[in-house]
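Q: I'd like a close look at one charged contact in this model, and then a walk outwards from there to the rest of the chain. Take your time with it.

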Amino acid sequence: MDVRTVIISAAVGVVTSAITAYIATRLKMTQERKKWDRDITLKYAESAAVNREAAETLARQFAVGFLVVGKPTGEPRGKIFIPKGGRISIGRDPTRCEVLIDDPAVSQIAAMIESDGVSVFVVDLHTTNGTFLNGVGLVSGSRSKLKSGDEIGVGHTQLMFQDLKKID
């Protein structure tokens, strides 16, 4: 056996090992990231059921975007963070909604903001008076993708969505 064959065999072995290690590491990282996302979503849901302030703190740390809630009464505007993989309810029911709207024209639970981790959507929950996206009424039960600057109308309240990926 000559030296050249030995060197080529050794180089092929090193490159093959490096590629295998790289692929295995990438797969493991992907699995860990998915597990992390599931855990954060579960912790947010558990926290939201028990302590909304703790849920808001968690959402703020891992948010994909936020809603700026405009108050028709002139009160200061609030910011609600949307966690990756989370859901935010909008309506009058203080026990089931993260965004409370004190307006008799608004359903107990009027709409939902959902994140699948990549995109954020608004869902009309079959309200009598409707949910609006940029002034256009949504079809009951429909799911519409949001982009930064979109305005959501529920009753006399306007909410503006801001995607955190767009902020510099």
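Which side chain does Arg96 meet in a salt bridge, and what is the N to O distance?

A: That would be Asp93: its side chain and the one of Arg96 meet in a salt bridge, at 2.7 Å from N to O. Keep in mind that this is a predicted model, so what follows describes computed geometry.

The two partners sit in unlike surroundings. Asp93 has a relative accessible area of 10%, which is under the 20% cut-off, so this residue counts as buried. Arg96 comes out at 45%, between the 20% and 50% limits, and is therefore called partly exposed. In other words, the acid of this pair is buried, while the base is partly exposed.

A little further along the chain you reach Val99, in strand S4, which covers residues 99-100. Val99 is buried, with a relative accessible area of 3%. Its C-alpha atom is separated by 6.2 Å from that of Ser89, and those two residues are 10 apart along the chain.

Back to the charges. The whole structure holds 4 salt bridges, and the Arg96 and Asp93 contact is one of them. Another joins the side chains of Glu114 and Arg143, at 3.1 Å from N to O. Glu114 belongs to strand S5 (residues 111-115) and Arg143 to strand S9 (residues 143-145), so this pair ties together parts that are 29 residues apart in sequence. Here too the acid is buried, with Glu114 at 15% relative accessibility, and Arg143 is partly exposed at 46%. This contact also belongs to something wider: Arg87, Glu114 and Arg143 are linked in a network of salt bridges.

Then there's the pair made by Asp150 and Lys147, whose side chains meet at 3.1 Å, N to O. Asp150 is buried, with a relative accessible area of just 4%. Lys147, at 54%, is past the 50% limit and so counts as exposed.

Now for the frame that carries these contacts. The chain has 2 helices and 11 strands. Starting at the N terminus, the order is two α elements followed by a run of β elements. Of its 168 residues, 36% count as buried.

Helix H1 takes up residues 3-50, and Ile19 lies in it. Ile19 is part of a nonpolar surface patch, together with Val15, Tyr22, Ile23 and Leu27. As a group, these five side chains' residues offer about 510 Å² of accessible area. Ile19 itself has 46% relative accessibility, which makes it partly exposed.

Towards the other end of the chain, Met160 is found in strand S11 (residues 157-163). Met160 is partly exposed, with a relative accessible area of 28%. Its partner in space comes from well back in the sequence: Met160 and Val68 are 92 residues apart along the chain, yet their C-alpha atoms are 5.1 Å apart.

Two loop residues deserve a look at their backbone. His126 isn't a glycine, but it has a positive phi of about 60 degrees. You'll find His126 in the loop between strand S6 (120-124) and strand S7 (131-133), and with a relative accessible area of 61% it is exposed. Asn134 does something of the kind, with a positive phi near 55 degrees. Asn134 is in the loop between S7 and strand S8 (136-137), and is partly exposed at 40%.

Finally, the inside. The count comes to 1 cavity of 30 Å³ or more, and its volume is about 50 Å³. The lining is made up of Ala105, Val106, Ser107, Ala110, Thr127, Asn129, Gly130, Val154 and Gly155. Sorted by type, that lining has 4 nonpolar and 5 polar residues, and no charged ones.

So, to come back to your contact: Arg96 and Asp93 meet at 2.7 Å, with Asp93 buried and Arg96 partly exposed.

Definitions and conventions: Residues are numbered from 1 along each chain as its sequence is written. This is a predicted model: local features need pLDDT of at least 70, side-chain atom pairs count only at pLDDT 80 or more; totals for chains, interfaces and linings use all residues. Side-chain values use heavy atoms; hydrogens and water are left out. On a 1 Å grid over the protein atoms alone, a cavity is a set of points where a 1.4 Å probe fits but cannot get out, and a pocket is an open set with protein on both sides within 12 Å along at least five of seven lines; lining residues have an atom within 4 Å of a point. Grid points are joined across faces, edges and corners, and a volume is the space filled by probe spheres set on the points. Ala, Val, Leu, Ile, Met, Phe, Trp, Tyr, Cys and Pro count as nonpolar, Asp, Glu, Lys and Arg as charged, and the others, Gly among them, as polar. Patches are made of residues with over 30% relative accessible area and no salt bridge: like charges are joined within 9 Å, nonpolar side chains (Val, Leu, Ile, Met, Phe, Trp, Tyr) within 5 Å. Accessible areas come from the Shrake-Rupley method with a 1.4 Å probe; for residues, only the protein chains shown count as cover. Helices (H or I, at least four residues) and strands (E, at least two) are DSSP runs, numbered from the N terminus. Buried means under 20% relative accessible area, exposed over 50%, partly exposed in between (1.4 Å probe, protein chains only).
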